[in-house]
Amino acid sequence: MFPYCPAQFLAEPNSMVKSLATHRLGKSGIEVSVIGTGLWAVGGGWGPVDDQNALDAIEASLDAGINFFDTADVYGNGHSEELLGKAMRGRRERFVVATKIGWVGYDGKNNRSQYDSVDKLIAGVEESLRRLQTDHVDLIQNHIFYREPNTDIFLEGFQRLQRDGKARAYGLSSSDFAFIKDFNHDGLCAGLQIDYSILNRTAESEIFPYCQANSIGVIIRGSLAMGILAGKFNSETRFPEGDFRRNWHENPDERRIFLEDLDKVERLRALTNDRTLSQLALRFVIDHPAVTTVIPGARSPKQARENVRAGLLPSLTPAERQQINSLVPPGGGRKIWPA
Ligand SMILES: NC(=O)c1ccc[n+]([C@@H]2O[C@H](COP(=O)([O-])OP(=O)(O)OC[C@H]3O[C@@H](n4cnc5c(N)ncnc54)[C@H](OP(=O)(O)O)[C@@H]3O)[C@@H](O)[C@H]2O)c1
């Protein structure tokens with residue numbers, strides 16, 4: 001049982017089916033549920049993985065009205081894509097699938113992806129399609145946060161994938177405003193994935209208005225600050241071997257920031273009312289008019305249902321927003337790795 005979760009917000013998945021709103025993903029015309037599911041943690045890197053629990057979480061997400069799922073070639077070395085492929089078998093039409101390409105084989109020394117030709121890039125995406133057991137993805141995203149020498153190959157490759165029916169739309173995952181504008185220089189970019197939460201409001205100043213003006217759908221990651229905003233961690237929390245969040249207690253700089261964040265989360269508890277902290281955090285995100293969808297990384301059916309419920313709750317009140325503003329001002333906060 002989740003420590004801060006009233007029972008009514010974990011139950012009734014079937015009553016949610018028809019109610020979760022959908023939004024159009026920018027200029028793509030693709031309809032995505034306002035709450036989606038991120039599939040990084042189920043692939044690996046966030047402590048032990050449990051495939052059956054992950055498949056059950058995908059099932060619970062679908063049952064609750066979610067249609068949008070985000071993965072990447074690099075999550076668990078393809079394992080996350082394979083799990084999604086398994087879940088989609090025989091019912092591909094119920095899923096809107098976003099994946100990403102770029103980090104596998106990245107040459108950090110020369111700051112360069114392995115994709116130095118369009119054919120190689122397309123072959124890389126075709127590997128994702130094979131793992132996903134599908135002939136197309138709905139959204140293909142550049143996973144490299146900043147411009148690097150092969151960026152033009154990504155743009156050309158993504159456009160060819162679109163023409164060939166292997167991707168319905170393309171976008172990028174980045175918080176670098178100059179790169180975002182560059183990636184959309186011909187106006188064809190349909191989606192931006194970006195870190196945004198009560199603790200990191202930096203996108204509000206320039207990036208959200210740019211996306212709204214350019215019909216770029218906004219997909220939010222980091223909405224729960226990798227679990228911090230779910231309110232389940234404290235200064236004694238220790239993460240297991242293989243969980244990159246170990247840095248939050250092992251690295252002194254990250255620990256200091258982690259403790260500051262925990263302090264803010266304690267102050268947010270006064271605002272939960274009948275919501276859980278996760279639902280307050282998700283509601284804050286989807287209330288922003290630039291936001292198309294949010295993709296919390298649910299790892300279990302319970303987490304998936306709790307997250308979906310946030311999409312059915314009323315918006316935060318002006319008084320609640322004012323209190324959040326006094327904690328983290330509009331446009332303020334910090335980026336949380338890997339923002
Ligand atoms: N560069 C990129 O493109 C990039 C980077 C980061 C993330 N992403 C995408 O965004 C997705 C979300 O990842 P994120 O980094 O943004 O993390 P997040 O959603 O802020 O946090 C995910 C973690 O929150 C916890 N959680 C989720 N729902 C919960 C609930 N209802 N109650 C309590 N805990 C809950 C789980 O933690 P426990 O593990 O403790 O259960 C989960 O691992 C990823 O799966 C991925 O698809 C993309």
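Author: A residue is buried if 20 or more other C-beta atoms, placed from the backbone, lie within 10 Å of its own; it is exposed if 12 or fewer do, and partly exposed in between. The model is predicted: local features need pLDDT of at least 70, side-chain atom pairs count only at pLDDT 80 or more, and totals for chains, interfaces and linings use all residues. Residues are numbered from 1 along each chain as its sequence is written.

Reader: How many helices and strands does the protein chain have?
Author: Both are DSSP runs, numbered from the N terminus: helices (H or I) of at least four residues, strands (E) of at least two. The C-alpha trace of the protein chain spans about 55 × 40 × 40 Å along its principal axes. Its secondary structure comes to 11 helices and 10 strands.

Reader: What share of the protein chain is buried?
Author: The protein chain has 339 residues. The buried part comes to 48%.

Reader: Why is strand E7 largely enclosed?
Author: E7 covers residues 167–173. The rest of the structure largely encloses E7, because its buried residues number 6 of the 7.

Reader: Which helix does the chain pass through from E6 to E7?
Author: Strand E6 (residues 137–142) runs parallel to E7, joined by 5 bridges; two strands pair if DSSP finds at least two. In this pair, Val137 faces Ala167 of E7. The β-α-β crossover is right-handed (clockwise from the first strand over the helix to the second, with the strands pointing away from the viewer), and its helix, residues 151–163, is H4.

Reader: Which residue of E8 stands opposite Gly171?
Author: Strand E8 (residues 191–195) pairs with E7 in the parallel sense, over 3 bridges. Helix H5 (residues 177–183) completes a right-handed β-α-β unit with E7 and E8. Opposite Gly171 in E8 stands Gly191.

Reader: Which residues come nearest to the ligand?
Author: A residue is near the ligand if its C-beta atom, placed from the backbone, lies within 6 Å of it. There are 30 residues around the ligand. Coming nearest are Gly38, Trp40, Ser173, Arg221 and Gly297.

Reader: Which helix gives the most to the shell around the ligand?
Author: The helix spans residues 301–310 and gives 3 residues. The helix that gives the most is H10.

Reader: How many residues of H10 are buried?
Author: H10 is mostly covered. Among its buried residues are Pro301, Gln303 and Arg305. The count is 9 of 10.
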